[in-house]
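Got the viewer open? Let's walk through this one stop by stop, with the ligand up first.

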Amino acid sequence: MDDFSTRSTELSPVIGLTGGIGSGKSTVAKIFQSLGVPTFNADEVAKSCYRRHPELRNWVVATFGQACGVVENGSLIDINRAALASAVFDNPTGLNALNAEVHPLVQLDFNRWHAQQSRHPSVEYVVREAAILFESGTHVDCARIITVQADEDLRVHRAAHRLGVAPDEIRNRIQRQWTDKKRAQHAHFALDNNAENALLPQVLQVHERLLKELSGRK
Ligand code: ATP
């Protein structure tokens, strides 16, 4: 499998962590955290961009309409992500334009965070969690890639329960993402998250392999 990484040798290797909606990415990230591995959640950082960047909010409202804005005392303070999701649903050009605005902001945050983490001598590698790791092209910065997979019905059940949205809505989102099979073809490790307690031993095994394969690469 290729090493996609184009990073500087001063920085800790980046391990990409991906998977479809409800696959268990965040659950896997928590296990890595408990092993002392720093983790960065690109999806959460992307969501927080609207609150932190006024120019992004202005662009969203100008591009997708006033209904996407959250206005308080006459000021545009946030973006209604449900309204924005509806505006880009079935609108691939709009979605690409949105990703092109948000992605560089997430990348800047990641670069700052990555440089900070790399200063710690105990950090052997960092994990970057992103649902659209491949689709956004960020896999090129990753020394290794882990994908998490589970049967679609289980993912729909878990995601619908966690997010409080209808199962059909989750199925719609799944239709728009890469399939588990396609992600696994491009990843170095595929974790199976079908059984209740199956993740821990798999993550421990991957961690051991990463420590061996990446030692001395910082
Ligand atoms: P999203 O794409 O929505 O961010 P995700 O891939 O990060 O989801 P998680 O948030 O880790 O997935 O898991 C989705 C839900 O399923 C969570 O409520 C989590 O607690 C639950 N879950 C994950 N793995 C398991 C498991 N093996 N057994 C039972 N519940 C699980």
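Before you select anything: helices here are DSSP runs of H or I, at least four residues long, and they are numbered from the N terminus. Keep in mind too that this is a predicted model.

**Stop 1: the shell.** Select the ligand and the 14 residues around it; Lys25, Ser26, Thr27, Arg162 and Asn193 come nearest. Now colour by secondary structure. Which helix gives the most to the shell around the ligand? That's α1, with 3 residues. Both α1 (25-34) and α6 (152-163) supply at least two residues each. Switch to colouring by class and the shell splits into 7 polar, 5 charged and 2 nonpolar residues.

**Stop 2: backbone contacts.** Turn on the backbone atoms and pick out Gly24: one of its polar backbone atoms sits 3.0 Å from an oxygen atom of the ligand. Gly22 does something along those lines, with a polar backbone atom 3.3 Å from a ligand oxygen. Then go to Glu196, where a polar backbone atom is 3.1 Å from a nitrogen atom of the ligand. As for cover, the ligand taken alone exposes 630 Å², and the protein buries 77% of that.

**Stop 3: a patch on the surface.** Hide the ligand and select Leu35, Leu200 and Leu204, which make a nonpolar surface patch of about 230 Å². Zoom in on Leu35, in the loop between α1 and β2 (39-41). Why does Leu35 count as partly exposed? Because its relative accessibility is 31%, and partly exposed covers what lies between buried, under 20%, and exposed, over 50%.

Definitions and conventions: Residues numbered from 1 in each chain as written. Predicted model: local features only at pLDDT ≥ 70, side-chain atom pairs only at ≥ 80, totals over all residues. Heavy atoms only, no water. Near = heavy atom within 4 Å. Polar contact = N/O pair within 3.5 Å; in protein donor to acceptor, adjacent residues only side chain to side chain. Areas by Shrake-Rupley, 256 points an atom, 1.4 Å probe, with all protein chains shown as cover. Nonpolar A, V, L, I, M, F, W, Y, C, P; charged D, E, K, R; others polar. Patch = residues over 30% accessible without salt bridge, like charges linked within 9 Å, V, L, I, M, F, W, Y side chains within 5 Å. Salt bridge = Lys/Arg side-chain N within 4 Å of Asp/Glu carboxyl O. Buried < 20%, exposed > 50% of the residue type's maximum accessible area, 1.4 Å probe, protein only.
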